[in-house]
Amino acid sequence: MDTTSKALFDRAQTVIPGGVNSPVRACKSVGRDPLFIERAKGARVYDADGNGYLDYVGSWGPMILGHAPERVNAVLRDAIEKGTSFGAPTELEIDLAELVIDTVASVDVVRMVNSGTEATMSAIRLARGFTGRDVVIKFDGCYHGHADSFLVAAGSGVATYNIAGSPGVPEDTIKHTLSIPYNDIDKVREVMTSMGDKVACIIVEPIAGNMGFIKPKNDFLKVLREETEKHGALLIVDEVMTGFRVALGGAQSLYGITPDLTTMGKIIGGGLPVGAYGGRADIMAHIAPSGPVYQAGTLSGNPLAMAAGIETLKAIREPGFYEALSAKTTRLVNGLKGAADKAGVPCTADTAGSMFGLYFTAGPVANFEDAKTSDLELFSAYYNRMLEEGIYLAPSQFEAAFVSAAHTDEDIDTTIATATKVLAELAG
Ligand SMILES: *Cc1c(COP(=O)(O)O)cnc(C)c1O
């Protein structure tokens, strides 16, 4: 079809690798070209051809208030007038740091960076510098950004495109990363018993959102806490996606664990590029300039980004915010699961806060291997039909989805009705 999106994609492909600035956006795994987005407001995104869609991607997580919320726009306008970057300290940075520390119980001190990737990359450097050890343990299907050390059995785009690792990552770097199955407590104990004294840290998505949506089983996170403590390693909880999303205090508040370090991103920047890492004061004291572990950033703590983050955090801290959002999300997930059941399509669905996931497999799904049993062909058909019907989902079975405060009950009803129609059609 000759659409503006198609013309733009043709143009983009000659000047940008694959036509996109992040791989999953290309929509390759669902057999189509990406839509180019022109604008977004509330729960809707609008493409370059003027079509509107109900959005459950939310820019892959940040847009918990919906798109272009007026209160964030207002502080941004204000901030722009004062200058967009100084490379010098501002009061805004203290304000956001104080808000984060007050919101996330385990964080005493926090450093702002520009992306989730920078946050996790810096956090493992800190863990290595603090412990004097090299080994990093992660879990298959978890995604912690694109730093070299994490590109082993990684989730998100790496999982979507079934990439084993990445050329360009030195063997020497990767040999220090051990990736083991998510939710496998026995394996964690076995590995820590055999090599715990070499482990700098275990890093985990406390609810996995980059291989679909998988909750930690039983005592999985508690065992990670115990084993790291026992062997003098650090526990890094990567809340780039789950932070301020599954609950105000993050997944760590839901599961009652206190990590040594927490990485944050997405929501913390209110739609602008921000990441952060923080935790125990004695560990964070090792970061330059208070300590020897180096980490820096020309645009870190950028005043526009800080202003958007502060206003977003203020909004989500208002009483009742998470209750309302969770109720809407639960109703949506039950509706989607019901639609699949009615159509006789095997389906596993789950949710926490305003994050959810749905696999076309009978389940249960406890790890990446289980997730891979999903019917990817059916997912692709479902994705494309839902898009045609005006519902904008993540173009991969291995991504979580998000509801925002801007989604209305009517939006949820529309989505359930559309899924019911589409799934019946695909099953029939
Ligand atoms: C998105 C994500 C990252 C990477 O963040 P970017 O801002 O894309 O660099 C890291 N960890 C988790 C859990 C994520 O979901």
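**Close-up views of a pocket and a ligand site**

**View 1. Lining of the second largest pocket in the predicted model.** In this predicted model, 23 residues line the second largest pocket. Those that lie nearest the pocket centre are Glu-93, Val-110, Arg-111, Met-112 and Gly-301. Two elements, helix 3 (91-103) and strand 4 (109-113), each give two or more residues to this lining.

**View 2. Space and residue classes in the second largest pocket.** The second largest pocket holds about 450 Å³ of space. Its lining comprises 12 nonpolar, nine polar and two charged residues.

**View 3. Residues around the ligand.** The ligand is surrounded by Ser-115, Gly-116, Thr-117, Tyr-143, His-144, Gly-145, Glu-205, Asn-210, Asp-238, Val-240, Met-241 and Lys-266. Sorted by class, this shell has three nonpolar, six polar and three charged residues.

**View 4. Ligand oxygen atoms and the polar atoms of Gly-116, Thr-117 and Lys-266.** At Gly-116, a polar backbone atom is 2.9 Å from an oxygen atom of the ligand. At Thr-117, a polar atom of the side chain lies 2.6 Å from a ligand oxygen atom. At Lys-266, an N or O atom in the side chain is 2.6 Å from an oxygen atom of the ligand. The ligand taken alone exposes 380 Å², of which the protein buries 83%. Gly-116, Thr-117 and Lys-266 are also among the residues listed around the ligand in the preceding view.

Technical notes
Residues numbered from 1 in each chain as written. Predicted model: local features only at pLDDT ≥ 70, side-chain atom pairs only at ≥ 80, totals over all residues. Heavy atoms only, no water. 1 Å grid on protein atoms, 1.4 Å probe; cavity = no way out; pocket = protein on both sides within 12 Å on 5 of 7 lines; lining within 4 Å. Points joined across faces, edges and corners; volume = space filled by probe spheres on them. Helix = DSSP H or I, 4+ residues; strand = E, 2+ residues; numbered from the N terminus. Nonpolar A, V, L, I, M, F, W, Y, C, P; charged D, E, K, R; others polar. Near = heavy atom within 4 Å. Polar contact = N/O pair within 3.5 Å; in protein donor to acceptor, adjacent residues only side chain to side chain. Areas by Shrake-Rupley, 256 points an atom, 1.4 Å probe, with all protein chains shown as cover.
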